[in-house]
Amino acid sequence: LSHRAPAPSSDAMVASPSSSAGRLGPILRLRGGGGDGGVYPLTHTEMQWMQSANMGVGTGIGAVARDHRHWADRASEDALRLDRATLCAASSKPLAPPVVVTELGLLCNKEELLERLLSKSMPQHLAHVQSLRDFAEATLHPNPHYAADKAAKGGEAAEDREVPFVCPIAGTPMNGRSPFVFLRPSGRVVSERALKGVGATACPVTDVPLGEGDTVHLNPNAEQREALEQRHEERRAAAKAAKAAKGGKKAQKAAAAAAAAAGASGSGGGGDSGDAAAAGAVQPKLAAGAAAGAAKARTSQAAAGAAAGGGPQRGG
């Protein structure tokens with residue numbers, strides 16, 4: 001038997017047009033990626049990107065730019081919260097005792113706020129401060145680990161940077177990330193977490209009882225600011241009503257005193273005293289002056305009668 005070479009496989013052989021019908025010629029064929037022109041299947045991320053709702057999200061130059069803006073906005077918000085918690089709202093200078101808290105929960109250096117108030121140069125965000133009743137002095141607990149020279153160098157993230165003040169109970173840094181409150185009866189500034197730890201019924205530092213409206217949120221959000229504005233208007237209206245009531249009582253007392261003095265003036269100065277009493281019902285100050293004039297006239301009349309020998313005249 002003659003030796004025969006093995007027949008080539010069918011996938012490596014194609015019919016040669018130059019050969020006869022019964023002969024096959026070997027032709028090499030290189031396989032492509034998947035056999036369909038080198039196309040590879042899409043990954044899961046690419047398939048999500050191809051959807052119309054997510055087109056361009058998460059990949060590409062535009063996505064990198066959006067991600068950069070997101071982190072830049074977040075860094076700006078953190079820096080803004082830190083500034084509100086550590087800088088004076090009136091001058092943008094670092095907070096330093098004595099520190100005051102306004103009715104809307106803004107922190108200010110007392111001397112600089114008073115200068116703005118006296119010079120009538122209050123910024124727009126502090127327009128609610130119109131008198132000494134619109135702010136109260138606060139006690140801030142210093143941070144023992146804070147160093148002003150190190151903080152001035154910067155180079156650290158806002159949440160990692162040491163701040164000048166902390167909560168005296170929980171030790172929470174006052175960097176704007178955790179909510180803090182000002183307690184009116186005690187004048188203390190503590191974290192909201194420490195206040196809730198004692199049931200929000202008393203100051204966690206001094207145990208002074210707290211009533212409704214005695215808690216002021218520092219650097220409040222929109223909802224808290226609206227509530228503080230409403231409370232501020234109610235306090236201002238109540239103060240005006242109390243002042244008006246006090247002035248009305250003084251006017252009534254003055255009118256009553258003028259009427260009593262006019263009634264005791266007697267018949268000698270009847271005309272004058274009657275006029276004084278009528279004026280006292282309208283204007284208490286004028287009535288008091290008229291009553292004094294009537295009394296002086298009566299005294300002069302009595303002195304003249306005594307000199308004439310007839311003795312003092314008796315009122316009718």
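**Close-up 1. D134 and R236 meet in a salt bridge, 3.5 Å from N to O.** A salt bridge here is a side-chain nitrogen of Lys or Arg within 4 Å of a carboxyl oxygen of Asp or Glu. D134 lies in the loop between α3 (110-119) and β5 (135-138). R236 sits in helix α6 (residues 222-263). The pair therefore ties together parts that are 102 residues apart in sequence. D134 is buried, at 5% relative accessible area. R236 is partly exposed, at 22%. Buried means under 20% relative accessible area, exposed means over 50%, and partly exposed is in between (1.4 Å probe, protein chains only). Helices (H or I, at least four residues) and strands (E, at least two) are DSSP runs, numbered from the N terminus.

The model shown is predicted: local features need pLDDT of at least 70, side-chain atom pairs count only at pLDDT 80 or more, and totals for chains, interfaces and linings use all residues. Residues are numbered from 1 along each chain as its sequence is written, and side-chain values use heavy atoms, with hydrogens and water left out.

**Close-up 2. R184 and E103 pair between two loops.** Their side chains form a salt bridge of 2.9 Å, N to O. R184 belongs to the loop between β8 (180-183) and β9 (189-191). E103 belongs to the loop between β3 (99-102) and β4 (107-109). Parts that are 81 residues apart in sequence are tied together by this pair. R184 is partly exposed, with a relative accessible area of 23%. E103 is buried, with 7%.

**Close-up 3. R225 and E229 form a salt bridge within helix α6.** The N to O distance is 3.3 Å. The two residues are four apart in α6, about one helical turn. An α-helix has 3.6 residues a turn, so residues three or four places apart point the same way. R225 is partly exposed, at 28% relative accessible area. E229 is also partly exposed, at 35%.

**Close-up 4. D78, R81 and R177 belong to one network.** Salt bridges that share partners join these residues. Side chains of opposite charge can pair when their charged atoms come close. How many salt bridges are there by this rule? The count comes to seven.

**Close-up 5. Helix α3 has a buried side.** E112, L113 and L117 are buried in α3. They cover an arc of only 140° around the axis, which puts them on the same side of the helix. The arc is that of the directions from the helix axis to the C-beta atoms. What covers these buried residues? The cover includes β3, β4 and β5, where contact means heavy atoms within 4.5 Å. The face turned away from the buried side carries the exposed residues E111, E115 and L118. K120 follows α3 and has a positive phi, near 55°.

**Close-up 6. C108 and C203 are buried cysteines without a disulfide partner.** A disulfide is a pair of cysteine sulfur atoms within 2.5 Å. A search of the whole structure finds zero disulfides. Why does C108 not form a bond with C88? The sulfur of C88 is the closest cysteine sulfur to that of C108, but at 4.6 Å it is too far for a bond. C108 has a relative accessible area of 0%. For C203, the closest cysteine sulfur is in C167. That distance is 9.9 Å, also too far for a bond. C203 counts as buried, at 1% relative accessibility.
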